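This report describes selected local features of a structure for a reader who is new to the subject. Please keep the sequence and the model in view while reading.

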Amino acid sequence: MLAKQNNDLDDGLFYSIEYTSPKFYWVMFALFVVIGFAAYSYLMQIIIGLGVTGLAQPVSWGFYIINFVFFIGISHAGTLISAILRLSKAEWRRPITRMAEVITAIVLAIGGLHPIIDLGQPGRMWNLVTSGRLQSPLLWDVTSISAYFAASTVYLYLPLIPDIAILRDRGTKPQWLYEFLSWGWHGTPKQHHILERAINILMVMVIPIAVSVHTVISYIFAMTIQPGWHSTIFGPYFVVGAIFSGIAALLIMMIVLRKVYHLENYLKEIHFNYLSILLLIMSLLWFYFTFSEYLTTYYGNEPDEMRVFLYKFTGGFAPYFWAMFACNFLVPVTILANKKTRRIKGILIASISVVIGMWLERLIIVVPSLANPRLEYPTGIYIPSLTEWSVFIGAIAVFILGFVLFAKFFPLISVWEIKEGREKSISEVAHRLQSYLPDNHDELEIEQALK
Amino acid sequence: MEISRRDFLRLLGVTATGATVGALGAGTVFSIPEHLFQRISDGPKIESWKTSVCSLCPGGCGIRVRLIDGIPVRITGNPLHPINRGAICPLAEAGIEMLYHPKRLKNPLKRSGARGENKWQEISWEEALQTVSERLNNLFRNNRNNAFHVFSQNYNNYQNYFLEEFMFSFGSENHHVENRIAQWALPVLASQGWNRVPAYDLLNSDCILNFGADVLDTEPSPVRYNQIYGALRNPGNNRRTDIIHFGAQLSRTAAMSSQWIPTRPGTMACLALSIAYIMIRDRSYDKGFVRNSTFGFKDWTDSEGITHKGFESLVTGNYYPERVSKICGVPAEKIVKTARRFAAAEKALAFGGEQAVNSPNGFYTSWAIYCLNALKGNLDKPGGVLFPSPVFEPPVSEKSPAYDFLKRNNFEEIIGNVLAKKPEVADTILFNRFNPVFNMPARKNWHQVLQNIPFIISYTSFIDDTSRFADLVLPAPFFLEDLDLYKTVPSIEFNHLTVQQPVVDPLYNTRGLGDILILLAKQTDLNDFKWKSYEQFVKSNAESIYLSGEGSIISESTDRSWIEFLKRRGWQPFAYSTFDEFWDVLLEKGGWWNPIYPDGNTKRIFRNKSGKFEFFSQTLYDYFSNDKGRAEEEFNLAFVPHYDPPAFLQENKVFPYSLIVFPQLSNYNGTGSRSGLVQELSAIYSREFWNSWVEIDPYTAGEFGLNDGDGIALISATGRIPVRVKIVPTLMPGVLAMPLGQGHEIPGEEKIGQNPMEIVDKEIDSVSGAYSLISTRVRIEKISSELS
Amino acid sequence: MAKWGMVIDLNKCTGCAECVAACKTENNIAIVGKEQSEMGRTMLWMDILTLYEGKYPDVKVRYLPRPCLHCDNPPCIKVCPVRATYKNEEGIIAQVFPQCIGCRYCMAACPYTVKCFNWTAPDWPDEMAAALNPDVSARPAGIVEKCTFCIHRLQKAKEQAAVEKRDIRPGEYLPACAESCPTRAISFGDLDDPKSEVSGLIRSPRMFRLLEEIGTEPKVYYLSESE
Ligand SMILES: Nc1nc2c(c(=O)[nH]1)N[C@H]1C(S)=C(S)[C@@H](COP(=O)(O)OP(=O)(O)OC[C@H]3O[C@@H](n4cnc5c(=O)[nH]c(N)nc54)[C@H](O)[C@@H]3O)O[C@H]1N2
Ligand SMILES: Nc1nc2c(c(=O)[nH]1)N[C@H]1C(S)=C(S)[C@@H](COP(=O)(O)OP(=O)(O)OC[C@H]3O[C@@H](n4cnc5c(=O)[nH]c(N)nc54)[C@H](O)[C@@H]3O)O[C@H]1N2
Ligand code: SF4
Ligand code: SF4
Ligand code: SF4
Ligand code: SF4
Ligand code: SF4
Ligand SMILES: [Mo]
């Protein structure tokens with residue numbers, strides 16, 4: 001009765017799964033065109049070689065590596081944030097976690113493919129297995145990204161099981177899929193207990209893995225002795241940047257999906273407000289790291305380092321550098337520090353700005369160090385080619401496609417957790433509050449007040 | 001048989017495993033003759049080596065070619081060869097690439113389109129030679145022998161002698177050899193009556209004044225001079241040799257010197273005479289030598305009782321450093337200091353490069369420079385100017401006008417006559433590996449000239465800027481396929497001879513020049529031209545060396561001191577029972593040399609009337625005796641070294657900058673432009689690969705707001721070319737410098753870079769008639785498009 | 001076991017670029033063509049750096065030939081994920097062409113920017129194809145390459161020595177660049193042999209190494225100009 005009623009309440013969440021509008025086909029078509037073109041470009045790259053890119057000597061890494069770092073950074077939106085929120089028992093997390101986890105899974109797959117796209121000899125990838133050298137930071141990456149990918153797909157899947165069971169029970173097609181994926185879920189207390197334990201274990205595991213992922217990505221650069229790369233704070237700096245861009249990406253996705261799937265009822269101003277304050281904090285943190293990183297360089301004044309430094313601050317890369325600074329700091333701080341502008345629209349602008357800014361940061365880390373060799377070579381220039389752009393846009397299209405397909409088969413908001421929230425959290429929160437508060441309040445009283 | 005590149009690589013066994021990806025990206029096709037292809041596929045891959053000589057420039061380096069199953073794969077230096085001692089230069093590395101170049105000419109060609117259109121029809125050699133001999137017979141019968149002209153490249157090979165003999169038999173005096181190294185000889189001829197290029201004993205000198213001879217990049221033998229400069233800078237040899245380099249540009253040669261003194265183009269005579277001024281004023285010249293062995297130093301009176309000013313008073317009256325400083329841009333103190341350093345050195349020498357000659361006042365400039373050696377009294381002495389004994393040359397060299405250094409370099413005259421439509425002047429021209437449309441200033445004139453010539457033959461291995469205008473093209477073998485002899489490189493202090501041994505059979509239907517001439521002689525009934533084959537000519541010349549018993553075939557055990565030791569005791573280093581034995585060893589080792597320097601005898605080096613070093617040249621006086629009507633003062637000046645301010649140095653508001661063109665070792669005359677190797681390495685200093693650039697000083701660049709890589713148009717009175725800018729601190733402000741060798745224009749081929757000759761003015765030297773390459777004035781305009 | 005090293009005397013070097021050319025022909029280094037070259041993909045295992053010192057008119061130009069420096073502590077091999085570049089027991093930093101996956105990490109890690117990448121299949125201008133050296137394998141697209149100290153010449157010398165049942169003699173193994181250099185500015189030999197020419201030269205007070213301060217311990221030494 002109550003359950004049924006609640007189910008009805010959340011019926012809207014199943015609407016897009018059960019009814020396919022013509023718009024869906026148009027979107028799919030458009031995405032396939034974009035992805036098809038990207039696939040064609042990549043095929044040409046395999047045939048002709050990396051010559052189709054804008055890379056050269058000495059700038060031998062470009063868009064693919066930049067986007068690799070960028071996408072993996074975005075992936076921190078998800079699992080990490082969702083795990084932290086879960087762990088800290090933030091009640092407002094309930095409608096958010098699923099989306100965050102989906103972002104992670106999709107973006108991680110895309111990001112993880114980028115180093116392969118970047119290989120000159122993708123056909124020899126197997127060499128990594130047969131004769132991989134664990135001393136190479138690249139191998140550390142392969143390892144930790146695979147671990148993160150495994151953990152986060154499971155972490156996405158587990159909380160999905162009860163929802164799949166609901167879909168199965170509703171008779172949604174394709175039945176076999178839900179039948180298969182629901183893994184015999186019947187919502188028994190025992191099952192609930194196991195599921196929660198599993199989620200809790202993963203939750204604790206996934207955080208260090210996620211932190212390690214972006215740390216070792218930074219090590220790709222930091223382990224070399226190249227000016228602008230060889231830095232001890234690169235690990236935390238990258239992690240902070242990753243979470244920063246992750247939150248921004250999550251916010252953008254939430255705003256878009258809320259609009260597209262009419263989730264206003266679930267994603268309320270308050271969710272955005274909370275997350276954007278987190279974004280603001282990350283922005284300040286980012287500034288702190290950036291400041292420390294460049295101040296030490298400037299103060300140390302080592303000639304090779306300074307060449308790269310000046311290239312970023314006043315030289316060829318200055319427009320990008322200052323744009324990054326504006327995007328990552330000035331814009332989000334101005335918008336988010338002010339209550340009046342910290343509205344959905346403002347948050348959207350700030351988030352987009354951060355995502356662009358963080359992409360620029362990856363660009364600014366990868367290219368200038370390569371473009372300014374220590375010896376007296378002419379400085380290199382790098383202009384990405386059509387192929388690189390199309391693979392980039394293709395990757396974004398794959399991301400959207402992933403979301404659209406996910407939304408086609410699964411609810412974007414964790415139905416059972418919402419339900420659980422409705423049923424249990426008030427009493428749970430009341431219980432918790434009671435335990436925090438100094439005076440002896442009555443639990444029921446609090447519960448009443450909360451309602 | 002057309003074979004894909006990949007097939008070939010696979011046969012050579014060089015394609016790496018896993019190259020499948022590569023296969024898709026390739027797909028070009030090159031042509032390799034079928035018999036070679038068979039050999040590559042079936043051969044046992046046996047390595048062998050053959051010696052020969054590099055003929056990509058006149059440097060005369062001995063080479064060893066590595067062959068795999070008889071197929072040449074790499075050129076290396078011949079370690080025994082006394083010129084280059086195992087080293088070569090980057091241009092020679094491109095030799096193999098050019099041998100197999102797909103644009104090589106494979107058959108004789110007859111023009112089928114309009115002139116210059118580069119459209120051809122392949123014909124047989126019989127038909128080709130028939131056509132030529134008909135024309136020659138026609139001229140011969142009508143007593144128009146001189147209407148047959150041949151233009152030859154100036155390599156030190158014997159083919160040019162052979163051609164000379166042919167021209168003698170035919171009765172034409174018009175064999176033209178663009179031979180600027182000859183002008184190293186001109187001042188020596190003027191002062192001493194010695195008609196060869198002398199040698200400069202750089203290795204034993206303490207102080208060297210180099211007046212802009214970029215010997216590391218060009219004439220006379222780049223590899224050798226690189227070795228010499230390398231050795232001079234080796235502190236291990238316990239000698240501190242001062243090399244002072246004058247020039248407008250800090251060239252590679254200048255960079256290897258101890259000091260570079262920027263000098264305004266065209267003013268070096270003035271500078272040299274100012275150094276003479278200091279030596280005379282300080283009385284620090286070799287007084288004994290000047291008193292006993294020179295003529296015209298003091299004022300003198302001739303047989304007609306006319307008093308002539310001597311060198312001393314001419315110099316002291318005109319060339320005081322303060323005045324000279326303003327002209328040539330060198331601070332007066334520097335002139336004084338340099339002169340004193342030169343005078344104080346125990347062994348010192350001064351020499352000027354072609355660029356001293358490449359000025360409208362070039363002859364007097366190089367003469368003025370040469371006179372410093374006389375003041376120093378260093379002639380025929382170690383560390384000074386050396387005069388090696390005569391080389392083995394065919395007798396024709398004595399009588400031929402092409403080897404008369406004072407015969408005016410009359411290209412301009414010929415051009416003038418042809419343009420004036422005097423067809424009797426030139427009816428048929430044979431360009432023997434000569435490319436004036438690319439290489440000569442005023443190229444547009446040559447276009448017109450060629451349109452006015454009734455019949456043009458080109459003997460060449462590739463269609464070039466000139467042969468595209470030909471009516472008949474005779475395909476020449478590449479030097480690796482052709483037999484020849486190379487004589488001593490001018491300016492080298494010992495005699496040597498190198499065999500250009502064919503290391504591979506001709507790939508195509510080409511014929512050596514010698515054999516062509518023999519057939520032509522037969523068909524033209526030239527009775528006194530008796531040679532049976534070119535090989536016979538070559539061997540007979542080698543035999544004369546064998547018979548002389550001098551010198552030795554180069555070998556591991558014949559360094560100079562050993563040969564000298566043996567000779568002193570009257571022994572022969574080697575004995576051969578027959579000439580054939582000698583010849584076989586000669587081919588195996590690659591050459592012969594005679595390092596022994598003739599013993600001192602002043603009469604030997606002064607071959608003129610006075611038997612002395614002449615500051616007033618009686619040789620010139622006699623030569624120009626028909627000019628004697630000229631005003632006395634001016635006339636007198638013509639026979640003494642002096643500075644004649646060239647017109648191009650005048651203030652010029654329209655064209656404010658000077659343009660100099662400079663050579664690069666790897667692509668001097670543009671011979672290497674066809675090679676990808678050369679294209680991807682000659683710009684190693686400027687990084688403008690596959691392109692041209694113009695060097696500009698930072699100050700001038702700043703005035704125009706120019707950055708590296710920006711485009712400008714260089715505009716001279718003659719033309720306009722777009723080119724990229726490279727800012728360097730190595731130029732006199734106001735002087736622009738552009739490399740030679742790029743910008744070939746052949747219909748159907750991509751133009752790579754720009755040819756500075758497009759805008760070089762065609763000034764000539766008043767005495768030698770040689771073109772000046774430094775007298776061009778330009779202005780610049782910033783441009784944004786037009787550049788590839 | 002020998003430890004191979006090179007000494008380049010900048011006093012003697014005239015910047016003639018023969019070493020560059022010799023290296024290209026000896027090692028079948030691809031000619032990339034005009035278009036690729038303009039994009040900055042020219043392949044030079046041996047390069048020449050042109051350094052200007054001072055201001056006009058007291059300028060100096062220095063030419064500095066630069067092969068792979070065969071660092072004894074090479075940052076490039078540490079990062080390779082598949083052991084496609086490694087230090088062999090004689091100190092030569094080798095490249096295993098068929099093993100390389102083309103990640104270009106070693107390129108990014110080399111402080112001297114010496115490595116080249118095959119951006120496209122080595123599509124020589126047709127004319128170049130016949131000029132290949134059968135001792136050195138041609139490289140496909142997508143892999144990194146660099147100066148190998150002409151290691152094929154070492155193998156040849158060793159084979160010859162083995163046939164004659166002796167050790168290899170000093171000077172028997174000479175890279176192409178050292179062999180063709182007109183001024184003999186490049187010396188090559190065994191650094192561990194105290195009697196070798198190179199061991200003598202590196203004791204010179206003129207000796208220096210590139211970027212000594214970063215601790216890569218290059219085995220290519222330079223002798224500075226004496227003035
Ligand atoms: N590799 C190769 N080498 C060759 C040849 C070849 O085909 N290939 N060809 C050979 C032949 S035929 C010749 S004639 C020689 C030519 O050899 P060079 O005569 O040496 O060459 P140029 O181009 O005449 O010389 C131009 C040089 O003079 C300098 N210069 C110009 N004006 C002045 C001035 O007023 N003062 C001073 N001090 N310097 C000035 C320029 O900067 C430039 O460096 O090269 C020979 N060497
Ligand atoms: N742009 C420019 N112009 C110059 C000069 C310069 O450096 N640059 N230098 C000036 C000087 S000093 C001189 S001497 C003249 C020289 O001018 P040229 O004597 O014309 O010299 P190249 O252009 O080197 O050679 C002419 C042609 O010979 C052909 N050739 C090359 N090798 C061989 C071979 O082995 N056999 C045969 N049969 N043919 C061959 C080539 O196809 C080439 O096009 O140019 C003068 N003009
Ligand atoms: S200098 Fe170079 S091009 Fe000239 S002969 Fe010697 S190796 Fe050949
Ligand atoms: S070959 Fe010798 S002289 Fe020439 S650039 Fe190389 S090291 Fe210097
Ligand atoms: S120079 Fe560069 S490529 Fe060579 S060993 Fe050192 S780090 Fe490696
Ligand atoms: S590019 Fe090749 S050699 Fe270099 S690190 Fe990657 S796999 Fe190793
Ligand atoms: S040692 Fe060999 S591979 Fe290295 S630069 Fe010299 S020639 Fe090239
Ligand atoms: Mo010449």
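Helices, with at least four residues, and strands, with at least two, are DSSP runs that are numbered from the N terminus. In this sense, Glu543(B) belongs to helix H23 of chain B, which covers residues 534-548. The model discussed here is predicted.

**A charged patch on chain B**

Glu543(B) takes part in a negative surface patch, together with Asp580(B), Glu581(B) and Asp584(B). Which helix gives the most to the negative patch? It is helix H25 of chain B, residues 579-589, with a contribution of three residues.

**The surroundings of three ligands**

Ligand 3 is surrounded by residues of chain B, among them the cysteines Cys54(B), Cys57(B), Cys61(B) and Cys89(B). Leu56(B), Ile88(B), Ala92(B), Pro222(B) and Val223(B) also stand around ligand 3, as do Gly59(B) and Gly60(B).

For ligand 5, the shell holds 14 residues, and the closest are Cys68(C), Cys71(C), Cys76(C), Cys110(C) and Val114(C). Ligand 7 has 13 residues around it; here the closest are Cys23(C), Cys147(C), Cys150(C), Pro175(C) and Cys177(C).

The table sets out the classes of residue in each shell.

| Ligand | Nonpolar | Polar | Charged |
|---|---|---|---|
| Ligand 3 | nine residues | two residues | no residues |
| Ligand 5 | eleven residues | one residue | two residues |
| Ligand 7 | eleven residues | two residues | no residues |

The shell of ligand 5 thus includes two charged residues, whereas the shell of ligand 7 has no charged residues, and neither does that of ligand 3.

**Backbone features in loops**

Where does Pro58(A) lie? Pro58(A) is found in the loop of chain A between helix H3 (22-48) and helix H4 (63-74). The peptide bond that leads from Gln57(A) to Pro58(A) is cis, and its omega is near 0 degrees.

In chain C, the peptide bond from Tyr56(C) to Pro57(C) is likewise cis, with omega near 0 degrees. Pro57(C) sits in a loop between two strands, E2 (47-53) and E3 (60-66) of chain C.

A further backbone feature concerns Asn301(A), which is not a glycine but has a positive phi of about 60 degrees. Asn301(A) is placed in the loop between helix H13 (269-300) and helix H14 (303-313) of chain A.

Note on methods. Residues numbered from 1 in each chain as written. Chains lettered and ligands numbered in written order. Predicted model: local features only at pLDDT ≥ 70, side-chain atom pairs only at ≥ 80, totals over all residues. Heavy atoms only, no water. Near = heavy atom within 4 Å. Nonpolar A, V, L, I, M, F, W, Y, C, P; charged D, E, K, R; others polar. Patch = residues over 30% accessible without salt bridge, like charges linked within 9 Å, V, L, I, M, F, W, Y side chains within 5 Å. Areas by Shrake-Rupley, 256 points an atom, 1.4 Å probe, with all protein chains shown as cover. Salt bridge = Lys/Arg side-chain N within 4 Å of Asp/Glu carboxyl O. Lys, Arg positive; Asp, Glu negative; His and termini not counted. Charge placed at Lys NZ, Arg CZ, Asp CG, Glu CD.
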